[in-house]
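Biologist: I've got this model open and I'd like a close look at one part of it. Could you walk me through how the helices pack around a buried polar residue, and then place that spot in the rest of the chain?

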Amino acid sequence: MTSSSIRNAGIAMVAVTIASRGFGFLRETVIAHAFGASREVDLFLLSLTIPAILITTVYYSIPNALVPLWSSGSSRPRQYIRISTGLVGGSLVVTAALWGFAGPTIRLLAPGFDAELQARAAAILRIGTAAIVFGVIEALSRSRLLAAKRFTMTGLSYLWQSLGIIFAATAWRVHGAMGLMWGLVIGTALSAMWNVALLIFSEDSKSGRLEAVPTGDSSGRVWMWVMLVLLTDSLAQVNAVVDRTLGSFLEPGAIAALNYANLTAGLPASIIGLALSTAILPFLSEADAEKDIDRSRFIIDRAIQWALLLSIPVTIWLMAFRTEISALLFHRGAFDARALSMTASALSAAAVGIIPISVAAVWSRLFCASRAWIPIAVTAAVALLSKAGLSVVLVPVLGATGLALATSC
């Protein structure tokens, strides 16, 4: 491992993150043009909350859990089969349960919606449950590719989900939130197929080197670690529940405006924090397996330096030009002046979180690589409690902007 290899991995991840998240921006501009910041977008986002939490959780947590295991010791091919089968089977059980309890779930999630909107949201949620299984398959195949340091093509899998929603927002616009959810399901299925194909046709797979799961741990310890990472990463995604539950009491379009703002601020946070942290995880895992503390410190120091160097000017720029940026990205079609004002206000608050989110993403990979479960669990719990407490205090005063600020703090 050299400084250049880490730099090359980081550059590769930044490039593919820009490409894939760029399609995410295009997705949101298409939605904004078609529906503005309206109750229809609120309905889609609220129905998407639970599937999105689960999909996002497995997207990050499965690689976080499995990449360190594949860098730590002896070879046990059957463990990978058992883990994969168990996670896919678990996703089927969760999907079935969420389908059956869609009505009560929506009533708990959106108490501010009337009965008609809750019924529509429940029907849309049932469609979205199918994406959960595809998300698990995508994450399993992508994690094995990342462990082999295959960053470029693997990182592009995210764009398929965006393309599915873009297609729905244009070709199925008349179906509104229902069409958008179908687009999500189709896009997530394509994303899973993309990474499975990459895994099947990779040279390492053909030579048999990807068939083994190197780990000296027992099956019980492996499952405890995987479940812990899934649990703690899911806590981080519960922020969306807080946002949309409290947002259901706010004026129409508040959830949509918050979503546009968070995605705008989330692009640089993803490019900086997610790209760097994903790139360094295999290297940190190898360093931890070899008990090389100096190498781990070197990797973390370099990554944090780059995170700060990139995130500070971006934060200042987003806060200073929040209205102009929101107008450039979204102010067309059904996205009117009211929507622009709401989104720009929320963006100024969301931008505050870019620096801490980027640094935290890098630092958390050290805990994942060493499987330090106590710091991971404590950090996730403290972050969730802080978000909930600040939201309750700030929302009555600042509305959707308060929700964005609570997440940033």
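Modeller: Here's the walk-through, starting with the whole chain and then zooming in on Asn195 and its surroundings.

Keep in mind that this is a predicted model. The protein chain has 19 helices and zero strands. Of its 409 residues, 54% are buried. Take the contacts between residues at least 6 apart in sequence: 85% of them join residues at least 24 apart.

Now the close-up. Asn195 sits in helix H9, which runs over residues 176-201. Is Asn195 buried or exposed? Its relative accessible area is 0%, so Asn195 is buried. Leaving out residues up to four places away in sequence, Asn195 touches Glu138, Ser141, Arg142, Leu145, Thr154 and Ser157. Take Ser157 from that list: 38 residues separate it from Asn195 in sequence, yet the two C-alpha atoms are 6.7 Å apart in space.

Several of those partners belong to helix H6, including Glu138, Ser141, Arg142 and Leu145, so let's look at how the two helices pack. H6 covers residues 130-147, and its axis lies 8 Å from that of H9, at an angle of about 25°. That angle is under the 35 degrees cut-off, so H6 counts as roughly parallel to H9. The crossing of H6 with H9 is left-handed. On the H6 side, the residues that meet H9 are Ala130, Ala131, Phe134, Gly135, Ile137, Glu138, Ser141, Arg142, Arg144 and Leu145. H9 answers with Leu184, Val185, Thr188, Ala189, Ser191, Ala192, Asn195, Val196, Leu198 and Leu199. Sorted by class, this contact of H6 with H9 has twelve nonpolar, five polar and three charged residues. There's a simple way to read such lists: an α-helix has 3.6 residues a turn, so residues three or four places apart point the same way.

Another partner of Asn195 is Thr154, and it's worth a stop of its own. Thr154 is part of helix H7, residues 152-155. With a relative accessible area of 2%, Thr154 is buried too. Apart from neighbours within four places in sequence, Thr154 is in contact with Arg142, Leu145, Leu146, Asn195 and Leu198. So where does Leu198 lie relative to Thr154? The two are 44 residues apart in sequence, with C-alpha atoms 7.5 Å apart in space. If you click through the viewer, Arg142 and Leu145 turn up in the contact list of Asn195 and again in that of Thr154.

Stepping back along the chain, the residues just before H6 bring us to another helix pair. Helix H4 (residues 102-109) and helix H5 (residues 115-128) have axes 8 Å apart and pack at an angle of about 125°. H4 and H5 are therefore oblique to each other, and their crossing is right-handed. The contact involves Ala102, Gly103, Thr105, Ile106 and Arg107 from H4, together with Gln118, Ala121, Ala122, Leu125 and Arg126 from H5. By class, that contact splits into five nonpolar, three polar and two charged residues.

H6 also takes part in the surroundings of a second buried polar side chain. Ser91, in helix H3 (residues 77-100), has 5% relative accessibility and so counts as buried. Not counting residues up to four places away in sequence, Ser91 touches Ile132, Val133 and Val136. Val58 lies 33 residues from Ser91 in sequence, with a C-alpha to C-alpha distance of 10.0 Å.

Further along, you'll want to look at helix H13, residues 254-289, which bends by about 40° at Ser270. Of its 36 residues, 30 are buried, so H13 is largely enclosed by the rest of the structure. Just after H13, Lys291 takes a positive phi of about 60°. H13 also packs with helix H19 (residues 400-408): their axes come within 9 Å and cross at roughly 40°, in a right-handed crossing. Here Ala254, Leu258 and Asn262 of H13 meet Ala400, Leu403 and Ala404 of H19. That contact has five nonpolar residues, one polar and no charged ones.

One last buried residue: Thr315 is found in helix H14, residues 293-320. Thr315 has a relative accessible area of 6%, so it is buried. Setting aside residues up to four places away in sequence, Thr315 touches Ala351, Ile354 and Ile355.

Terms used: Residues are numbered from 1 along each chain as its sequence is written. This is a predicted model: local features need pLDDT of at least 70, side-chain atom pairs count only at pLDDT 80 or more; totals for chains, interfaces and linings use all residues. Side-chain values use heavy atoms; hydrogens and water are left out. Axes are lines fitted to C-alpha atoms, for helices over the stretch in contact, and angles run from 0 to 180 degrees between N-to-C directions. Helices (H or I, at least four residues) and strands (E, at least two) are DSSP runs, numbered from the N terminus. Angles under 35 degrees count as roughly parallel, over 145 as roughly antiparallel, 65 to 115 as roughly perpendicular and the rest as oblique. A crossing is left-handed if the near helix is turned anticlockwise from the far one by less than a right angle, and right-handed if clockwise. Contact means heavy atoms within 4.5 Å. Ala, Val, Leu, Ile, Met, Phe, Trp, Tyr, Cys and Pro count as nonpolar, Asp, Glu, Lys and Arg as charged, and the others, Gly among them, as polar. Buried means under 20% relative accessible area, exposed over 50%, partly exposed in between (1.4 Å probe, protein chains only). The bend at a residue is the angle between axes fitted to the seven residues ending there and the seven starting there.
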